[in-house]
Amino acid sequence: MTDAMSDTPYSKNTAPEETVPEQESDFLEEEAPFSETDDGEPEIIELPPEQKALQEANDKYMRLFAEFDNYRKRTAKEKTESYQDAVAKTVLTLLPVVDNFERAMAVSCADAAFQSGMEKIYQQLCEALAKLGVTEIPALNEAFDPKVHNAIRQIEDENFGENIICEVYQKGYRLGDRIVRHAMVSVANCV
């Protein structure tokens, strides 16, 4: 009876040996591709071909994902910019119509109904431009700013300060932060 017990790996007097299964030890080596040699220098441990293939596939996936994310952001930005370009181009085409309405309303008219109709149409046009985000650039009696004003004439006038706009020949407009058309102005007392 004692002989049978001594033949078994687990006897009463001995504790079971802790062994690491072969697959687990391989897994642990894969997790730590670097180990230290006796002199403290890192030693590179070769990964098995399956692990290398998996790592390469993962790298390709991450690059592809990053490229797709950049593509998505770039196309969204281009879409927004192309929409803004189209709106700006359309607004620029409509601005001469606005100018002509303003000139027509400045002329006195004997027919009050006609004058009222012109004012209503002009008001509708201005409201449509405002819905698109188009605003007029302030010019008359403002300080000259070459970013938004186009000076076509300089005059000396004691009634105005230095670099003050005294006449507006054509109104300027902006669409959000973008200048659609610069204001054509005359500047008094340029320095």
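**View 1. Helix H3 lies across three strands.** In this predicted model, helix H3, made of residues 49-106, lies across E3, E6 and E7. Take E7 as your guide here: the helix runs at about 40 degrees to this strand.

**View 2. Meet the open sheet E3-E6-E7.** Here are the strands that H3 lies across. Three strands make up this open sheet, and their order is E3-E6-E7 with antiparallel pairing. Which strands stand at the edges? They are E3 (134-137) and E7 (178-181); each has a single partner strand, so one side of each is left without a neighbour in the sheet. From one strand to the next, the twist averages 35 degrees. A helpful reminder: strands of a sheet pair through backbone hydrogen bonds, in either a parallel or an antiparallel way.

**View 3. A look at the pairing of E6 with E7.** Strand E6 covers residues 172-175, and three bridges join E6 to E7. The two strands run antiparallel. To find one of these bridges for yourself, start at Arg174 and look for its partner in E7, Ile179.

**View 4. A second open sheet, E4-E8-E5, has mixed pairing.** This sheet also has three strands, in the order E4-E8-E5. E4 (149-155) and E5 (164-170) stand at the edges with a single partner strand each, so one side of each has no neighbour in the sheet. On average, neighbouring strands of this sheet are turned by 35 degrees against each other, ignoring direction. Five bridges link E5 with strand E8 (residues 183-188), and this pair is antiparallel. Ile165 is a good place to begin tracing, since its bridge partner in E8 is Val187.

**View 5. Helix H4 has a buried side and an exposed face.** H4 spans residues 112-132, which is 21 residues. From first C-alpha to last, H4 reaches 31 Å, close to the 30 Å expected at 1.5 Å a residue. Which residues of H4 are buried? They are Gln115, Met118, Tyr122, Leu125 and Leu129. These residues cover an arc of only 90 degrees around the axis, which puts them on the same side of H4. H3 and E3 are among the elements that cover them. On the face turned away from this buried side, look for the exposed residues Ala112, Ala113, Lys120, Gln124 and Lys131.

**View 6. Now zoom in on the two ends of H4.** At the N-terminal end, Asp111 acts as a cap: one of its side-chain oxygens lies 3.3 Å from the backbone nitrogen of Ala113. Just after the helix comes Gly133, with a positive phi of about 95 degrees.

How values were computed
Residues are numbered from 1 along each chain as its sequence is written. This is a predicted model: local features need pLDDT of at least 70, side-chain atom pairs count only at pLDDT 80 or more; totals for chains, interfaces and linings use all residues. Side-chain values use heavy atoms; hydrogens and water are left out. Two strands pair if DSSP finds at least two bridges between them. Helices (H or I, at least four residues) and strands (E, at least two) are DSSP runs, numbered from the N terminus. Axes are lines fitted to C-alpha atoms, for helices over the stretch in contact, and angles run from 0 to 180 degrees between N-to-C directions. Contact means heavy atoms within 4.5 Å. The expected span of a helix is 1.5 Å times one less than its number of residues. Buried means under 20% relative accessible area, exposed over 50%, partly exposed in between (1.4 Å probe, protein chains only). The arc is that of the directions from the helix axis to the C-beta atoms. A polar contact is a pair of N or O atoms within 3.5 Å; within protein, one must be able to donate a hydrogen and the other to accept it, and residues adjacent in sequence count only if both atoms are side-chain atoms.
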